Amino acid sequence: MIAIIDYGMGNLRSVQKAFEKSGADALITHDPRMIKSADKLVLPGVGAMAPAMEKLRELGLVDGICSFVNSGKPFLGICLGFQLLFEKSFEGGTVPGLGLLEGTVERFTTGKVPHMGWNALQMTQKDCPLWNGLPENIYVYFCHSFFVKPGRPEVTSSSTDYGITFTSSVWEKNIFGVQFHPEKSQDIGLKILSNFMAIS
């Protein structure tokens, strides 16, 4: 069972529907027991890091998320959920994140902000399980004003050009994160979610 974390900041139903279309049993929940017992965990999200972290703390989910990741079971962060994996964001001051990966979240200073629409991924970890069966040059859907800057560049599994070259996804052991929205990226996005479902 895939648990999709509900903390009031995400298009949860569209993420759930995308997983279900790929054949997954996906449950939307903020119950710590359900999160702990899940086979895989997904942290989606739209918005800013400060209210997101506040809501996760309010619901008592921070420790559960960190424990799940430390258990070695597959974890996927999407958009804001991807940014939350890192140590801190500079959105509205300095805001601490979950700190599961080293690095910061910073604002675009070039190009039109937000970065919205279709853009290409350049795969930098070609053996990343999310890319199984995909061509090297794929287009996915983005909507964000901030980007992640990993402390260790080797965790970057793809990069994207938007005035600068930024990290558009990461892979570190059982941790997967994507800045783009697979649930809005049509067949390519469904294939990425299907690949995540296949990870053991």
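Two helices whose axes meet at an angle of 65 to 115 degrees count as roughly perpendicular. That convention applies at once to the present structure, which is a predicted model.

Helix α1, formed by residues 12–21, and helix α6, formed by residues 186–198, have axes that come within 9 Å and cross at roughly 75°. The two helices, α1 and α6, are therefore roughly perpendicular to each other. On the side of α1, the contact is made by A18, F19 and K21, while α6 contributes L190, L193, F196 and M197. Sorted by class, the contact of α1 with α6 comprises six nonpolar residues, one charged residue and no polar residues.

The surroundings of α1 extend beyond this one contact. Its buried residues are L12, V15, Q16, A18 and F19. These residues cover an arc of only 160° around the axis, which places them on the same side of α1. Among the elements that cover the buried residues of α1 are the strands β1 (2–5), β2 (26–29), β3 (40–43) and β4 (75–78), together with α6. Just after α1 comes G23, which takes a positive phi of about 95°.

Helix α4, spanning residues 62–70, may be read in a similar manner. Within α4, the residues V62, I65, C66, F68 and V69 are buried. Viewed down the axis of α4, its buried residues fall within an arc of 160°, so they line one face of the helix. The face of α4 turned away from its buried side carries D63 and N70, which are exposed. The buried residues of α4 pack against several elements: the strands β1, β3, β4 and β13 (175–178), and the helices α2 (32–37) and α3 (49–58). After α4 follows G72, whose phi is positive, near 95°.

One of the buried residues of α4, C66, leads to the matter of the cysteines. The structure holds zero disulfides. C66 is in no disulfide, and the nearest cysteine sulfur, belonging to C79, is 20 Å away. C66 has a relative accessible area of 17% and is buried; the cut-off for this term is under 20%. As for C79, the cysteine sulfur closest to its own is in C143, at 6.7 Å, which is too far for a bond, because a disulfide requires two cysteine sulfur atoms within 2.5 Å. C79 is likewise buried, with a relative accessible area of 6%.

Note on methods
Residues are numbered from 1 along each chain as its sequence is written. This is a predicted model: local features need pLDDT of at least 70, side-chain atom pairs count only at pLDDT 80 or more; totals for chains, interfaces and linings use all residues. Side-chain values use heavy atoms; hydrogens and water are left out. Axes are lines fitted to C-alpha atoms, for helices over the stretch in contact, and angles run from 0 to 180 degrees between N-to-C directions. Helices (H or I, at least four residues) and strands (E, at least two) are DSSP runs, numbered from the N terminus. Angles under 35 degrees count as roughly parallel, over 145 as roughly antiparallel, 65 to 115 as roughly perpendicular and the rest as oblique. Contact means heavy atoms within 4.5 Å. Ala, Val, Leu, Ile, Met, Phe, Trp, Tyr, Cys and Pro count as nonpolar, Asp, Glu, Lys and Arg as charged, and the others, Gly among them, as polar. Buried means under 20% relative accessible area, exposed over 50%, partly exposed in between (1.4 Å probe, protein chains only). The arc is that of the directions from the helix axis to the C-beta atoms.
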